[in-house]
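Trainee: Could you take a close look at one part of this model for me, the place where the small molecule sits? I'd like a connected walk through it and whatever belongs next to it.

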Amino acid sequence: MSADEGVYAYSAVLMGSPILLKLFEDNAALAAQVFRLIRHQENILTVNRAHSEVMAINHAAGREPVCVSREVFDLIQCAHQVSLLPHSLFNFTIGPLVKRWKIGFQGRSVPPQGDLEKLMALTDPREVVLDPERRSVFLRQPGMEIDLGAIAKGYIADLVRSFLRQQGVERALINLGGNVQTLGAPPQAAGWSVGLKTPFGQADELIGVIEVAGKSVVTSGVYERYFERDGRLYHHILDARSGYPLDNELLSVTVVSDRSIDGDIYTTLLYGLGGEQSLAALRDAPHIEAIFVTRDQQVICSSSRQFAFRLHDRRYQLTTDNTA
Ligand code: ADP
Ligand code: MG
């Protein structure tokens with residue numbers, strides 16, 4: 001019997017991404033509830049429309065604090081803390097640069113240096129004032145913009161997992177455009193198979209397969225959203241310190257963890273650290289495991305306690321950090 005037998009797959013396009021839900025029962029009503037939950041969160045958190053809780057904060061930048069719901073405040077507080085970590089690439093005030101580059105959207109171009117410098121001055125997370133009592137958020141400088149794009153999908157994937165658990169579901173998978181969260185494993189199988197894409201390959205081309213049960217798998221890759229100009233590639237993870245997309249030896253970072261929000265945070269953090277420093281950092285974070293794909297065709301696992309990896313593409317060389 002194939003592990004796919006008895007699977008009911010439901011799909012939608014939300015948050016500008018394909019969403020896939022796998023269940024082991026024919027339950028379109030439950031799938032509709034999951035998609036409603038995702039749409040509701042998107043409505044609150046989006047910065048790609050004129051109105052949302054986050055946009056209310058952005059519109060009031062330089063003017064006044066804005067009170068938000070507990071959930072949004074907690075998420076912003078989390079993004080704020082991660083942004084303030086020493087040497088953190090993660091910066092939730094990256095909005096002005098993201099909007100200017102428009103990577104993944106119409107009208108993208110390489111901005112002039114002068115523009116980038118002006119916008120970089122508006123990406124200082126220390127200029128965000130949080131008041132936990134009032135649950136208010138204030139962006140001190142006019143023009144500042146919060147962008148939760150690097151963390152929202154992981155946060156929502158965890159909400160979906162909690163909701164499904166509450167509904168008594170024991171086995172399920174939700175894929176939010178690359179953020180995968182799982183409950184249990186399929187019947188008769190040790191785990192779910194999550195593909196690791198070949199960078200710049202065909203849509204279905206895989207370097208290998210990650211097998212997990214009850215874990216999250218998040219991948220952030222430079223090949224996901226990008227454009228090319230004059231032989232250079234510009235992708236969607238920006239470095240507020242240079243104003244440009246981050247440029248190092250990594251093509252993708254995958255994080256396996258219990259919570260998908262951790263996966264989302266760590267993919268960005270580790271991507272910023274580069275492979276070698278990441279491996280060192282992960283030795284002190286046993287609950288976070290990562291798989292790095294490098295430009296010179298190596299696949300490096302920090303450790304593999306929570307997952308199994310099967311290499312399919314023999315052009316890549318697989319290694320595991322034995323010191324972990
Ligand atoms: P995706 O799953 O869409 O590839 P990621 O989790 O990799 O998303 O986050 C990328 C998104 O995060 C960008 O589209 C942008 O909105 C935002 N972003 C870009 N650079 C940074 C950064 N340095 N820190 C935090 N968020 C960022
Ligand atoms: Mg992320």
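Mentor: Let's fix one term before we go in: a polar contact here is a pair of N or O atoms within 3.5 Å. Keep in mind that this is a predicted model.

With that cut-off, start at H236. An N or O atom in its side chain is 2.6 Å from an oxygen atom of ligand 1, so the pair falls within the 3.5 Å limit for a polar contact. As for cover, ligand 1 taken alone exposes 570 Å², and 95% of that is buried by the protein.

K153 joins in from its side chain too: one of its polar atoms lies 3.0 Å from an oxygen atom of ligand 1. L89 uses its backbone instead, with a polar atom there 3.0 Å from a nitrogen atom of the ligand.

Now the whole shell. Ligand 1 is surrounded by 16 residues, and the closest are S220, E224, R225, H236 and L238. Sorted by class, that shell holds seven nonpolar, four polar and five charged residues.

Next, the metal. The magnesium ion, ligand 2, takes its protein donors from A150 (O) and D264 (OD), at 2.3 to 2.5 Å. A150 belongs to the loop between strand 5 (136-139) and helix 6 (152-166), while D264 is in helix 7 (residues 260-273), so the two donors tie together parts that are 114 residues apart in sequence. How exposed are they? A150 has a relative accessible area of 31%, which makes it partly exposed. D264, at 7% relative accessibility, counts as buried. Don't read the donor list as a finished coordination sphere, because water is not among the atoms and sites may look incomplete.

Last, the aromatic rings, since you asked for what else belongs in the picture. Across the whole structure, a search finds seven aromatic pairs. Take F200 and Y226: their ring centres are 5.3 Å apart and their planes meet at 85°, so this pair is edge-to-face. The pair also links distant parts of the chain, 26 residues apart, with F200 in the loop between strand 8 (192-197) and strand 9 (206-212) and Y226 in strand 11 (residues 226-229). F200 is partly exposed at 40% relative accessible area, and Y226 is partly exposed as well, at 28%. Separately, W101, F227, Y234 and Y244 form one aromatic cluster.

How values were computed:
Residues are numbered from 1 along each chain as its sequence is written. Chains are lettered from A and ligands numbered from 1 in the order in which they are written. This is a predicted model: local features need pLDDT of at least 70, side-chain atom pairs count only at pLDDT 80 or more; totals for chains, interfaces and linings use all residues. Side-chain values use heavy atoms; hydrogens and water are left out. A residue is near a molecule or strand if one of its heavy atoms lies within 4 Å of it. A polar contact is a pair of N or O atoms within 3.5 Å; within protein, one must be able to donate a hydrogen and the other to accept it, and residues adjacent in sequence count only if both atoms are side-chain atoms. Accessible areas come from the Shrake-Rupley method with a 1.4 Å probe; for residues, only the protein chains shown count as cover. Ala, Val, Leu, Ile, Met, Phe, Trp, Tyr, Cys and Pro count as nonpolar, Asp, Glu, Lys and Arg as charged, and the others, Gly among them, as polar. Donors are N, O and S atoms within 2.8 Å of the metal (3.2 Å for Na, K and Ca); water is not among the atoms, so sites may look incomplete. Helices (H or I, at least four residues) and strands (E, at least two) are DSSP runs, numbered from the N terminus. Buried means under 20% relative accessible area, exposed over 50%, partly exposed in between (1.4 Å probe, protein chains only). Rings of Phe, Tyr and Trp (its six-membered ring) pair if their centres lie within 6.5 Å; planes under 30 degrees apart count as stacked, over 60 as edge-to-face and the rest as tilted.
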